[in-house]
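Thanks for coming, everyone. I'll keep this brief and take one model from its cysteines to its core. Have a look at it first.

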Amino acid sequence: QDSEQCVEYLLQREDIDVNIQNGTKDTALIWGAVNNNVNILAMLCSMPNIDINIPTNTGSSPLILACSE
């Protein structure tokens, strides 16, 4: 629940890039999919500028990761 509150807070900020990738090319959407956090996924997918097709460094999409968990 703490993660969800943190994401909710951050998504309210105008200076947040929801598609930013970390050093291993993971995005918040990928993290949500890997951790099977439906609430975070819903919050992220509600953002108008979310790119649901950014792959990981191994080429997996968030959808593929969500289906494999």
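Is C6 buried, partly exposed or exposed? This is a predicted model, so keep that in mind throughout. C6 has a relative accessibility of 42%. That puts C6 in the partly exposed class, because buried would need under 20% and exposed over 50%.

Now the pairing. How many disulfides are there in the whole structure? The search finds 0. C6 has no partner: the nearest cysteine sulfur belongs to C45 and sits 18 Å away. What about C45 itself? Its closest cysteine sulfur is in C67, at 12 Å. That is too far for a bond, because a disulfide needs the two sulfurs within 2.5 Å. C45 is partly exposed too, at 44% relative accessible area.

Next, the overall fold. The protein has 4 helices and 0 strands. From the N terminus, the order reads α-α-α-α. The radius of gyration is 11 Å, and the globule rule for 69 residues gives a value close to that, 11 Å, so the protein is as compact as a globular protein of that length. Along the principal axes, the C-alpha atoms fill a box of roughly 30 × 20 × 20 Å.

Some totals. Of the 69 residues, 30% are buried. The exposed surface comes to about 4,700 Å². Carbon and sulfur atoms supply 52% of that surface. Then the contacts: take those in the protein with a separation of 6 or more. Residues 24 or more positions apart account for 63% of them.

On to the core. How many residues are in the largest nonpolar core? The count is 13. L11, L44 and I50 have the most contacts inside it. Which helices each supply at least two residues? They are α1, at 2-11, α2, at 28-34, and α3, at 38-45. The biggest contribution comes from α3, with 4 residues.

Let me stay on I50 for a moment. Set aside its neighbours within four places in sequence. I50 is then in contact with V18, N19, L29, L44 and C45. So L44 turns up in both lists: among the residues with the most contacts in the core, and among the contacts of I50.

Now α3 in its own right. Which of its residues are buried? I40, L41, M43 and L44. Looking down the axis of α3, these buried residues fall within an arc of 165°, so they line one face of the helix. The general background is helix geometry: with 3.6 residues a turn, residues three or four places apart point the same way. And what covers the buried residues of α3? The cover includes α1 and α2.

Last, the backbone in two loops. Which loop holds K25? The one between α1 and α2. K25 is not a glycine, yet its phi is positive, near 70°. K25 is partly exposed, with a relative accessible area of 44%. The other case is N36, in the loop between α2 and α3. Phi of N36 is near 55°, again a positive value in a residue other than glycine.

To wrap up: there are 4 helices, 0 disulfides, and a largest nonpolar core of 13 residues to which α3 gives the most. Over to you for discussion.

Conventions: Residues numbered from 1 in each chain as written. Predicted model: local features only at pLDDT ≥ 70, side-chain atom pairs only at ≥ 80, totals over all residues. Heavy atoms only, no water. Buried < 20%, exposed > 50% of the residue type's maximum accessible area, 1.4 Å probe, protein only. Core = buried A, V, L, I, M, F, W, Y, C linked by side-chain atoms within 4.5 Å. Contact = heavy atoms within 4.5 Å. Rg over C-alpha atoms; globule rule 2.2 N^0.38 Å. Areas by Shrake-Rupley, 256 points an atom, 1.4 Å probe, with all protein chains shown as cover. Arc of directions from axis to C-beta.
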